[in-house]
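Here are my notes on the two-chain structure you sent round. They are set out as numbered points, starting from one residue and working outward.

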Amino acid sequence: MRAFAANTPMPDMGELPWTPLTKPLSECRVAIVTTAALHTAGDEGFTPDDPSFRILPSDRRDLRLGHWSPNFDRSGFTADLDVVYPIDRLEELAARGTIGSVAPRHYAFAGNQEDTLTGIRLDHGPAVAKLLRDDEVDVVLLTPV
Amino acid sequence: MCVLARVLEAHGLSTVALISVRGVAERLPPPRGLYGEFPLGRPLGRPDDPEFQHDVLARAFALLDRPSGPVLEDHPEVIESDAQPLACAMPPRFDPDLPEAVDEARGLRAAYDRTLARRGVTSIGRVLTADQVPEALAVLAAVADGADWTTAGFVGDPVQTCHDVRTYYDEAAVSLVDVAPDAGQGEAWFYEQTAAGRTLLAARAQMREQGAPALIWLYMARATR
């Protein structure tokens, strides 16, 4: 699976963007953006090549794994949500003062996408960026599945 | 995910990505990435191991101190998947008149329910409820025996049906063992040790023989199976 994914076509995205941290991590608000296709129990699941996202409120743990590919292990997620979506670990880091705070909302995409990823690049990715900035997020932790 | 990291970074957010496929991150680098050679589907490495998960996060957040990028570092620990099937007790045969997989799924219901009670949520529900899993396995068993897959009685898309069946077994398995199963153990257990896994693979082979579209039969199970 790794060898297959490593050889899939990559879009040309130009120069690397770079946003340096301007304050200590202990003062930063952190959010998770996962491509594990998670969604809350009442929310709509993902379809193949679905470029849209789902909002994961910070206090929700009743999350489903909606990834449609059969090539990923789901037993780890079933045993422990944090192995995919480390929300409890972030809460602990906030309680310790390692990070400033945990964002009120996090976001999930489906990691299996068509090659150009147009919807994520031009529509849904920027939309999530705006929501994150609305919540005054400084740092985003991205987790795959 | 590397694309998302770049999109978010371009919109003024500092990102750090946990990387599961190094070859992708090398060709489309995110601003900051920590590669973990862990089983796919476990980006924090080990379930039920907060100490290890905090180690992954600490190494990831440390990349935020770098003055320029791209930064791609490796977590020093490699976690191999165990290819040996999960060792756990299975329900006894109860009704020999039923296909073995149907009987088995009914027998695993208590374990599935224990997991559901603990987690409060199930990932089943694409096209089946837990109650419908034995019925779906009866359809797969009929197809495995040669029934025409187009008229065998799938209640929904066969791929989604197989997802739900596999999820039912994954969720039941968590309550059959004391510690979280290794990634490879769970998969080997399902496909090699359970009647459901064997039935699913046999049905898939039959559907391929019957000319079902590859996008259906291939995605009913892991590609390497």
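**Notes on the predicted model**

1. Leaving aside neighbours within four places in sequence, A:Val140 is in contact with A:Ala31, A:Val33 and A:Leu132, and also with B:Leu8, B:Leu13 and B:Thr15. The model is a predicted one, and local features are held to a pLDDT of at least 70.

2. A:Val140 also belongs to the largest nonpolar core, which has 62 residues. Together with A:Val30, A:Val33, A:Leu142 and B:Leu4, A:Val140 is listed among those with the most contacts inside that core. The most is given to this core by α1(B), with seven residues. A second, separate core has 42 residues, including B:Val139, B:Leu201, B:Ala203 and B:Tyr219. As general background, nonpolar side chains in soluble globular proteins tend to be buried together.

3. The contact between the chains takes 59 residues from chain A and 64 residues from chain B. On the side of chain A that touches chain B, at least two residues each come from α1 (2-6), β4 (63-65), α2 (75-79), α3 (87-96), α4 (118-134) and β7 (139-143). The largest share, seven residues, is that of α4(A). By residue class, this side of chain A divides into 38 nonpolar, ten polar and eleven charged.

4. Strand pairing crosses the chain boundary: β7(A) is joined by four bridges to β1 (residues 14-19) of chain B, and the two strands run parallel. One partnership in β1(B) is that of B:Val16 with A:Leu141.

5. The helix α4(A) deserves its own entry. With 17 residues, α4(A) reaches 23 Å from its first C-alpha to its last, close to the 24 Å expected at 1.5 Å a residue. Even so, α4(A) has a kink of about 40 degrees at A:His124, shortly before the proline A:Pro126. Buried residues in α4(A) are A:Ile120, A:His124, A:Gly125, A:Val128, A:Ala129 and A:Leu132. They pack against β1 (29-34), β6 and β7 of chain A, together with α1 (2-10) of chain B. Just after α4(A), A:Glu136 takes a positive phi of about 60 degrees.

6. Which residues of β3 (residues 54-57) of chain A are buried? A:Arg54 and A:Leu56, which point to one face, are buried, while A:Ile55 and A:Pro57 point to the other and are not. In a regular strand the side chains alternate between the two faces of the sheet. β3(A) pairs with β6 (residues 105-108) of chain A in the antiparallel sense, over four bridges. In β6(A), A:Arg105 is the bridge partner of A:Pro57.

7. Chain B has ten helices and three strands, in the order α-β-α-β-α-β-α-α-α-α-α-α-α along the sequence. Its C-alpha trace spans about 70 × 40 × 30 Å along the principal axes. Of the 225 residues in chain B, 49% are buried. Among contacts in chain B with a separation of 6 or more, 67% are between residues 24 or more positions apart.

8. Why does B:Arg119, in helix α5 (residues 109-119) of chain B, count as partly exposed? B:Arg119 has 19 C-beta neighbours inside 10 Å, and a residue is buried only if 20 or more lie within that distance, so B:Arg119 falls short of the cut-off. B:Arg119 and B:Glu171 are 52 residues apart in sequence and 9.8 Å apart in space, C-alpha to C-alpha.

Notes
Residues numbered from 1 in each chain as written. Chains lettered and ligands numbered in written order. Predicted model: local features only at pLDDT ≥ 70, side-chain atom pairs only at ≥ 80, totals over all residues. Contact = placed C-beta atoms within 7 Å. Nonpolar A, V, L, I, M, F, W, Y, C, P; charged D, E, K, R; others polar. Pairing = 2+ DSSP bridges. Buried ≥ 20, exposed ≤ 12 C-beta atoms within 10 Å, placed from the backbone. Expected span 1.5 Å × (residues − 1). Bend = angle between axes of the 7 residues up to and from the residue. Core = buried A, V, L, I, M, F, W, Y, C linked by C-beta atoms within 7 Å.
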